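Visitor: I have a few questions about how the labels on this model are earned. Can we take them one at a time?

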Amino acid sequence: SSVVLMLTPSTFPQCRRGARRSSPIAAPPARLPPRRAPAIAGADPFPESQMRLSRYFLPVLRENPAEAQIVSHRLMLRAGMIKQSSAGIYSWLPLGWKVLRRIEQIVHEEQVRAGHHPMLMPTIQPADLWRESGRYDAYGDELLRIRDRQDRDMLYGPTNEEMITDIFRAHVSSYRDLPLTLYHVQWKFRDEMRPRFGVMRGREFLMKDGYNFDLDEAAARHAYNRHLVSYLRTYERMGLQAIPMRADSGPIGGDDTHEFLVLAETGESEVFYDSEITDLRFGDRAIDYDDAAQCRGVLEEFTSRYARTDETHDEAAFAKVPEDRRRTARGIEVGQIFYFGTKYSDAMGATVQGPDGKPAPVHMGSHGIGVSRLVGAISEASHDENGIVWPEGVTPFHAGIVNLKQGDASTDSACEGIYDALTAEGLEPLYDDRKERAGGKFATMDLIGLPWRITVGPRGLQNGKVELTSRRTGEAEEMSPEAAIARLKDIYGIA
Ligand code: 5CA
């Protein structure tokens, strides 16, 4: 039973507050002072200039690839999104990379909204940092150890607690510089024993990892709660319901951690929960991320019911949930947040001078989102027998334009007109301008899962009409090209 929230961008007010042509900057929420000109929230920072299928690179596969065991992997291969290079390592072809960018963009927008600072750390790290924390040996075989030409031990980072702590201790020495949360979105490598399910469990994968530094436990708990809230918002914008569940901290350490799980039959984790939890929505509520009580309230609302992964499952506690609400299911872990106190700051000497003048180790936590895994998770949660069904929030192209009679002058020019009008509004249409039969064009559009399709043919045009079709419901409606454009503007929250 996969769970998908049918969210449209109009669920999010920041999307509605007017778009300016092709500027990739998000509209600010109502509470904050306006920064720059608003545009479509979550827009691709590198929009394509050539969105015509005759010139695009979309190597779709007709046959089901034998190596793919789950539907999302199969569909991502068939839709020409990824190509395996070696076990658990993939190239991202243009369509796949486009979805990845849109997910990454939403992650950035929500991180910045919560007051966190983007940066970028390298993929290759010196082993010595990991010797300081004790994890160089403790991390085991998943850590890819590398030796450079000077015989120095290096490693390909599976996570960055040590490196960020090293940056912190070099530059921050006073409590006045706290609180501080830094994050980046960077490729990671974990030499997984069983890479599988495509990008879902890769060896090389893209992760957002963030790290908070706070003076004391109370402040660090607020950072934890703030991350939980911002993650709820982040996943909902992607059209996903990701449920925070109490989990185990594994090699990251610490005693407080939640995983965010998307329910899906093919998920790798077994989960146990009170069914009431699936009724919760973060929705459109205003949140002040500096308000500790407000953030804690949201955390309590979303974590007070029983919801655990098999690692922390407690039969006795689960038995207290009314029987008709007890659920056992499977889930995909799309993120995890940790509070680990002074584990790394103690080991690595990351202290600040407190208000009393005495040095004290900083309290820390780390917070991850599986950015590349999300592409698989969304495909797994949102598809039908014909292909993927992208939620509007992450779709690679906002709409497809299907020309039913390529080469017919008036049909071609109507399609070009719609393409230009949508592009001028800051939307990205994908125009199927190939000389192919209608059935083949529809099948391609269904496979790659664009949520809206405008079908343009000579017969409809005689009455001044095109057809606007929803990929999700299959419902089609005849209307003028102008009305179709206006409808799409409305759907994507362009004033
Ligand atoms: N340092 C902490 C928080 S930044 C950390 O590494 N957390 S983690 O191990 O839970 O990873 C964060 C997220 O990355 C996971 O929730 C998962 O969504 C994603 N992830 C982890 N391993 C893989 C993998 N092998 N392939 C794809 N995504 C992965």
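Visitor: What makes E192 a polar contact of the ligand?

Guide: This is a predicted model, and the distance is computed from it. A polar side-chain atom of E192 lies 2.8 Å from a nitrogen atom of the ligand. The cut-off for a pair of N or O atoms is 3.5 Å, so the pair counts as a polar contact.

Visitor: How do you know that the ligand is covered by protein?

Guide: Taken alone, the ligand exposes 600 Å². The protein buries 96% of that area.

Visitor: What makes Q336 a polar contact?

Guide: An N or O atom in the Q336 side chain is 3.1 Å from an oxygen atom of the ligand. The limit is 3.5 Å, so this pair qualifies.

Visitor: Which residues come nearest to the ligand?

Guide: The shell has 22 residues, and T159, E161, R190, G202 and E333 come nearest. By class, the shell holds seven nonpolar, eight polar and seven charged residues.

Visitor: Which strand gives the most to that shell?

Guide: β13 does, with five residues. β8 (204-214), β13 (326-341) and β16 (363-370) each supply at least two.

Visitor: How many cavities of 30 Å³ or more does the structure hold?

Guide: Three. The second largest cavity has about 100 Å³ of space. Among its 12 lining residues, L232, Q241, A242, L280 and F302 are closest to its centre. α7 (217-237) and β9 (242-246) each give two or more residues to that lining.

Visitor: What is the make-up of that lining by class?

Guide: The lining has 10 nonpolar residues, one polar and one charged.

Definitions and conventions: Residues numbered from 1 in each chain as written. Predicted model: local features only at pLDDT ≥ 70, side-chain atom pairs only at ≥ 80, totals over all residues. Heavy atoms only, no water. Near = heavy atom within 4 Å. Polar contact = N/O pair within 3.5 Å; in protein donor to acceptor, adjacent residues only side chain to side chain. Areas by Shrake-Rupley, 256 points an atom, 1.4 Å probe, with all protein chains shown as cover. Helix = DSSP H or I, 4+ residues; strand = E, 2+ residues; numbered from the N terminus. Nonpolar A, V, L, I, M, F, W, Y, C, P; charged D, E, K, R; others polar. 1 Å grid on protein atoms, 1.4 Å probe; cavity = no way out; pocket = protein on both sides within 12 Å on 5 of 7 lines; lining within 4 Å. Points joined across faces, edges and corners; volume = space filled by probe spheres on them.
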